[in-house]
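Reader: I'm new to this one. Could you show it to me and let me ask how you know things?

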Amino acid sequence: MRQIKLILVSLLFLNSIAVAQTDTLPNRNLEFYNYLINSKLYDDARVLLKSNDFIASQSPNNYNYCMGWYYYNTNRLDSTATFFRKVNPTSNFYNKSIFWATYSLMHTNQVDDAIQLITPVAFNDSLLLALKNLELSGAYLLNRNLKEFDTFSSKYTYKYYDLSKEEKTLNNIYNDIYNFKQKSPLLAGLLSAIVPGLGKIYAKKIGSGFSAFFTVSILGSITIENINKNGIKSVSSIATGTLFLMAYSANIYGSVYSVKSYRDEFNEMVDYRIKFNIHIPIRNVFN
Amino acid sequence: MITVLSLTFIFPFATYSTSNVFSKKDIADFYADSTFEKADSLFKNGNLEVAAMEYERVIFFNYDFNLSKQALYKKSLCLKELHKYNQAIECLEKIGISPFDSSLTHNSLHELSLLYYLVEDYNNSLLKLSITNDLYGLSKEEKFIKALNLNELYKFDSAKETLIEIAKEEKNDSLSQEIILNINRLYTKKNLSKIKNSKKLFWISFIPGLGIAYAGKPLEGFSNFLINSAALTFGVVAIINGYYISGYFGGGILIEKFYFGGRRRAEYLLQKNNYEIVNNLNKSIINEIPENS
């Protein structure tokens, strides 16, 4: 009996040593991983993530989170979304992962997937709810679904410092999209036919418009000069006249194309602004 | 009852005491020492990426600054073998110059001078060599790197002097004389005159085509001269014959394109020519100086 008690005491003593050792391998590996990412030592982080020691020491959720975070920091957002989506709702990293996955999908133009991913997720925290609202409104704005954006933007609270500026900015972007004046390619072509380069100026390509004007004018002047001196049937008149007609046609075609280019540039700039303004709040909330 | 009381006492005592017997620093240092051995073993076996990561682990986990510096140095060697020269430089620059650890400082300065040469930052390489010279004097290998750097900066006289110094250190007199002869042969005026001066090129290029010819392509320079002349002639003749617009705009645009295009072409050819000559010179020097020197 006495021996049994001695054994029990020893076992309890040994167990307490184990409990006292809070410096466990999984934590040390995670600490080291965070250090590598924060110090931008991505090559070393990649090697650590591939090591058997690290994989064995982390739960699947932790591991997927670490992989997602590594890919996010190295700007590979398609892989970022893949790993963050694997993080389970039971994990401490779930909330952060779901938002980063959503953002990564939007950034890689998989907006519908992003909407499907985050819509069913319920948050108890009011800040996270507001953030979800912001992300969804941004997603609908990326899709140019202004009606749905209206629905979500009406729920903006403007009370959280981490989000309020971006909520206002998204509203401004909405106004820019709503007020954007579509230019007519037909009108651009017609204007350039009348005055070379005017169609490009109409499409807000001022420098290009003036350049087209001078090129076509010079070639036209040279053609007229040759016709006056040598007559319309001379070789030099035909040659310069051909050059003039080519430049004139190119100017009209260029003006028509410049309207499309103007529209594309506007959309690109708007998308960039939306993505920027849905990115910053996530960083503010989770960093 | 006594057993229960003693258990109640032992449990928290054990918990409290063990956490104070091994402090966080002790655990970290112990962990770091064992990781260093692991990293060294990986380095010896050629597993360089993992070794580099393990050296970084040593740096992160230990409290001993000297151990960290050693780990940084060894990590830089791994990165150098992996051809990640800029990252290796970053590691070595963190070591700094310490009067208390002269061999590590000397080694890191040596590696830095070589790495800066490899990334074509010749001025920084010479700076590191200059510091090495002040503190420890230059070894043969370091003088060699110095000569290569000086060649890249077109400081051929200084480079030649440095190489002759290396040759004179050779114990075998006849070999030493042979090396000096070869160095003199490489650094003749005839060889070095092939290096073109960019300032001279700037002034010469005012005459169309002459810059290209000076940069080593006489035929191309002559063609450029002819095209420029044709454009000028066209413009002048057109104006004389009353074709003012054709002459001014047509001739003018043609001249502008070919003249300035020719100047840019001449600059590019000069840089390419000089790069090839210095590259060949450095290769010849590497071949001439025996390995065991």
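Reader: Why is there no bond between the sulfur of C91(B) and the closest cysteine sulfur?

Author: Quick background: this is a predicted model, where local features need pLDDT of at least 70 and side-chain atom pairs count only at pLDDT 80 or more, while totals for chains, interfaces and linings use all residues. Residues are numbered from 1 along each chain as its sequence is written, chains are lettered from A and ligands numbered from 1 in the order written, and side-chain values use heavy atoms, leaving out hydrogens and water. Now, a disulfide is a pair of cysteine sulfur atoms within 2.5 Å. The closest sulfur to that of C91(B) sits in C78(B), 9.3 Å away, so that's too far for a bond. A search of the whole structure finds zero disulfides over all chains.

Reader: What makes C78(B) count as buried or exposed?

Author: Its relative accessible area is 0%. Buried means under 20%, exposed over 50%, and partly exposed in between (1.4 Å probe, protein chains only), so C78(B) is buried. C91(B), at 6%, counts as buried too.

Reader: And how do you know which class F210(A) falls into?

Author: F210(A) has 43% relative accessibility, so it counts as partly exposed. You'll find F210(A) in helix α14 of chain A, a helix being a DSSP run (H or I, at least four residues), numbered from the N terminus.

Key
Helices (H or I, at least four residues) and strands (E, at least two) are DSSP runs, numbered from the N terminus.
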